[in-house]
Amino acid sequence: LRSGPCLAQGFWGSCFNMYKSTQLHEGYKRLKGWCELPKDFYVYTSNVDGHFVEAGFDTGRICEIHGRISKWITMTDEEDEMTILSDDHHFRVDESEMRLMADEKDVESFRAAGVPLDRHGNPMRPAVLMFDDEPEHLLKTLRAEQDKYQQWEAQMEEEMENNEACRLVILEIGCGQRVPCVRQESECVLDDLVKRLGLDESGDPCWYEEEECSIPRALLIRINPEYPYNQMNPHLTLPVQGSALASLTEIDDHVMALLQEHNMGSSAEVQ
């Protein structure tokens with residue numbers, strides 16, 4: 001950002017343009033439908049594309065652990081300024097070289113190419129955590145989101161402990177091993193509940209193989225085309241080897257069919 005600003009801003013400008021021009025797939029709509037049921041939820045994501053916000057999820061229930069590309073902040077820790085780019089914002093980028101179409105010596109050319117400027121007229125940067133990146137004002141913003149999520153998690157675990165009727169489903173979608181933050185969080189939350197609630201640690205996943213399966217207190221559904229398994233608590237993990245959209249569609253269709261069957265059965269009983 002400092003030694004090669006046109007290259008750095010060109011990369012992030014290109015990412016922003018691509019994310020905003022990408023059509024959200026149907027899976028977001030189906031997920032949002034589940035979250036609108038009278039059940040509590042939280043979105044914990046390492047994606048920086050802001051697609052959960054764009055899809056209309058409650059922003060108070062989203063933790064973006066690496067930030068969001070539409071949020072831009074000052075380059076110095078002395079300032080705490082932030083601006084949010086509109087969905088129709090666009091960066092002028094030479095895609096062949098992935099460089100911002102600006103003159104590094106001309107600040108106004110950065111503005112003309114789409115880079116927001118702070119109150120002092122200096123180029124801003126995306127509020128996204130990069131490798132070896134430790135600006136204090138960015139970390140402060142991300143910590144605030146993390147703290148809010150941690151408070152929710154603690155309340156959820158306490159409620160699970162005090163009410164045996166409570167159930168938790170951790171739905172993990174497409175989290176690989178290259179950046180394993182979300183995979184690790186899913187496994188840690190599940191393992192915390194295993195220890196706190198004294199859940200069976202036999203490692204035998206027979207609960208979903210029996211004809212009359214029981215519903216576990218906590219369950220990790222891991223959707224991943226390559227790495228759907230969980231070695232830590234396999235007895236409470238349902239591996240789904242497939243893509244996000246196809247898997248969500250199949251799950252949603254099955255749930256809707258079960259609900260319809262249940263409703264028809266209830267109507268028959270009333271008659």
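**Two cores and two residues**

Trainee: Which residues does Met 160 touch, leaving aside its neighbours within four places in sequence?

Mentor: In this predicted model, Met 160 is in contact with Cys 166, Arg 167, Leu 168, Leu 193, Leu 197 and Arg 217, once those neighbours are set aside.

Trainee: And which residues have the most contacts inside the largest nonpolar core?

Mentor: Met 160 is one of them, along with Tyr 149, Met 156, Leu 168 and Leu 193. That core has 22 residues.

Trainee: Which elements each supply at least two residues of this core?

Mentor: Two helices, α5 (136-162) and α6 (181-197), plus strands β8 (168-173) and β9 (218-223). The largest share comes from α6, with six residues.

Trainee: What's in the second core?

Mentor: That one is separate and has 17 residues, including Cys 6, Phe 91, Leu 100 and Phe 110.

Trainee: New topic. Is Arg 68 buried or exposed?

Mentor: Buried, because its relative accessibility is 13% and the cut-off for buried is under 20%. Arg 68 sits in strand β3 (residues 67-73).

Trainee: OK, so what does its side chain pair with?

Mentor: The side chain of Glu 64, through a polar contact of 3.0 Å. Beyond four places in sequence, Arg 68 is in contact with Val 48, Gly 50, Val 53, Ala 127 and Val 128.

Trainee: Last one: which residue has a positive phi although it is not a glycine?

Mentor: Met 98, with a phi of about 50°. Look for Met 98 in the loop between β5 (93-94) and β6 (99-100). At 29% relative accessibility, Met 98 counts as partly exposed.

Note on methods. Residues numbered from 1 in each chain as written. Predicted model: local features only at pLDDT ≥ 70, side-chain atom pairs only at ≥ 80, totals over all residues. Heavy atoms only, no water. Core = buried A, V, L, I, M, F, W, Y, C linked by side-chain atoms within 4.5 Å. Buried < 20%, exposed > 50% of the residue type's maximum accessible area, 1.4 Å probe, protein only. Helix = DSSP H or I, 4+ residues; strand = E, 2+ residues; numbered from the N terminus. Contact = heavy atoms within 4.5 Å. Polar contact = N/O pair within 3.5 Å; in protein donor to acceptor, adjacent residues only side chain to side chain.
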